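Me: I would like to know what stands behind the labels used for a structure. Please take them one at a time.

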Amino acid sequence: MLERSSSRPDDGKTLSQTLARDVLAVTLQSQADARSELIGTAPTDDETNRKNMALLIQLRWTAVVGQIVTIGAVHFGLGIPLPLERMGAVIGALVLLNVSSLVWVRHRAAITNNELLVALMLDVAALTAQLYLSGGATNPFTSLFLLQVTLGAVLLDARSTWSLVALSCASFVWLTLAHRPLDLPPNPLSETYTLTVTGMLLGFVLNAVLLVVFVTRINRNLRERDAHLAALRQHAAEQDHIVRMGLLASGAAHELGTPLASLSVILSDWRRMPDLAADQELAEDLAEMETSLQRCKSIVTGILVSAGEARGEGSSPTTVTAFVTALVEEWRNARSARTLYFVNTFGEDVAIVSDVALKQVIFNVLDNAYEVSRDWVELVAEREGDNLVLSISDRGPGFAPEMLAQLGKPYHSSKGRAGGGLGLFLVVNVVRKLGGAVTAENHRKRGATVRLTLPLATLAIGGSFDA
């Protein structure tokens, strides 16, 4: 039995405590990020209501123009006398209401359901006044009440919609009892019937066109709102995955910290033993074992970094060229791979902070490329405006179409392994936390390229850089 040193530093306990503390910080930070982003983008319904109120204002302008044209055609074209002063007063009130609404909406932080209801009720009141002055229920344009009711059904909640229905029905009933009759010119019955049918046809066409135009635009606003809410839910789910992985890393720290520290001490003891040191081949094996052990420790640390800590410990001042060059050399040595080709076209160097998370992300992408393309992997560093762009290319089978469509989503992997797909998920999330973006594309013949676009401002020392 080989003797071991009696005194060993309690590296395992310290490592476990450090990892657990860091994971707790990562977990709380991830939850805070998700909460603040949801709060910051919460007024989705208010923004949609603002857009819908703007559509109602546009519809009211259309009503003003339509009423002016119709009143002019009936009064001067058909020779049917109308109370131009009173009907003009109603139009003037609509214009004043619209101008006031434009100013009011501009200074309102949010538009509520009740305010939309009031706007529609005012439109129903204006329509009722014009119909009262032009024949009441016998006016073929009474069908425009349905336009207001339909808009209410799309824009309002159920209770407000029924209130608008009740007002419209009451207005129609009132028009059958009290209205100013039209002084129609003496015409045969057939011509009067034709005039009524023509008015009904015009009312129907106008109703149909306005419904299609405005309801379509309102539905588009609602779809944009739903898409935005779906994106928020997806982001919250991704943050939940990050939190769970942080908790997993905490458990891994407790389980792996102590045995890794014990192995490190044992290997150190073995290397100091004369019998083992004299055997050159065995000494080389021990050195390789120590290298692998250090690699395991760095992997444990990398788990914490990938779990959501965007700029972790171990950061130090450097430059873009030095950072990427050292990263390439470290990756080659750790994987014993000489098929990684590095091309640097970045240009004038820029001072940045060496970021542990970013290095782990690039390692992840390089590992994925090397796994499917052992004979050739290329890393290109270039500058596009104020961004650092890192392109990792391979000659593998490329990404499946569904993989490209779900890029960065957890558990979407082309490797067919249970729980796969977390690598790119972590890459996308860490790069996004740095303010960047990740894209992927397949080559025409064979292989694929993953592009990491990173703002230099977030990598620069102090959060800024000199171009």
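The turns below go through some labels and the values behind them.

Me: What kind of model is this, and how many helices and strands does the protein have?
Reply: The model is predicted. Its secondary structure comes to 14 helices and seven strands. Of the 467 residues, 38% count as buried. The protein exposes about 25,000 Å², and carbon and sulfur atoms supply 60% of that area.

Me: Why is Q67 called buried?
Reply: Buried means under 20% relative accessible area. Q67 has 17% relative accessibility, so Q67 counts as buried. This residue is found in helix α2, residues 44-77. Leaving aside neighbours within four places in sequence, Q67 is in contact with I91, L94 and Q130.

Me: Why does A54 count as partly exposed?
Reply: Partly exposed covers what lies between under 20% and over 50%. A54 is at 31% relative accessibility, and therefore counts as partly exposed. A54 also has its place in helix α2. The C-alpha atoms of A54 and S101 are separated by 9.0 Å, though the two residues are 47 apart along the chain.

Me: What makes T319 partly exposed?
Reply: The relative accessible area of T319 is 25%, so T319 is partly exposed. T319 lies in strand β1, residues 316-319. Not counting residues up to four places away in sequence, T319 touches D349, V350, A351 and I352. From T319 to L459 the C-alpha distance is 9.8 Å, with their positions 140 residues apart in sequence.

Me: How do you know that α4 is roughly antiparallel to α5?
Reply: The axes of α4 (residues 113-132) and α5 (residues 144-155) come within 10 Å and cross at roughly 175 degrees. Angles over 145 degrees count as roughly antiparallel, and that makes α4 roughly antiparallel to α5. The residues of this contact divide into nine nonpolar, four polar and one charged. Among those in α4 are L116, L120 and L127, and those in α5 include F145, L151 and L155.

Me: Why is α4 called roughly parallel to α6?
Reply: Here α4 and α6 (residues 158-177) pack at an angle of about 10 degrees, with their axes 10 Å apart. Under 35 degrees counts as roughly parallel, and that makes α4 roughly parallel to α6. The contact of α4 with α6 has 10 nonpolar, seven polar and no charged residues. Including L117, M121 and Y132, α4 meets residues of α6, among them L164, L167 and W174.

Me: What makes a set of residues a nonpolar core, and which residues of the largest one touch the most other members?
Reply: The members must be buried residues of the nonpolar kinds listed for a core, joined through side-chain atoms within 4.5 Å. The largest such core has 41 residues, and V320, V324, I362, L366, L390, I392 and L452 touch the most other members. Elements giving two or more residues to this core include α10 (320-335), β5 (387-394) and β7 (448-455). The largest share, nine residues, comes from α11. Leaving aside neighbours within four places in sequence, V324 is in contact with F342, L379, A381 and L390. A second, separate core of 28 residues includes I57, V105, L175 and V215.

Key:
Residues numbered from 1 in each chain as written. Predicted model: local features only at pLDDT ≥ 70, side-chain atom pairs only at ≥ 80, totals over all residues. Heavy atoms only, no water. Axes fitted to C-alpha atoms, helices over the stretch in contact; angles between N-to-C directions. Helix = DSSP H or I, 4+ residues; strand = E, 2+ residues; numbered from the N terminus. Parallel < 35°, antiparallel > 145°, perpendicular 65-115°, else oblique. Contact = heavy atoms within 4.5 Å. Nonpolar A, V, L, I, M, F, W, Y, C, P; charged D, E, K, R; others polar. Buried < 20%, exposed > 50% of the residue type's maximum accessible area, 1.4 Å probe, protein only. Areas by Shrake-Rupley, 256 points an atom, 1.4 Å probe, with all protein chains shown as cover.
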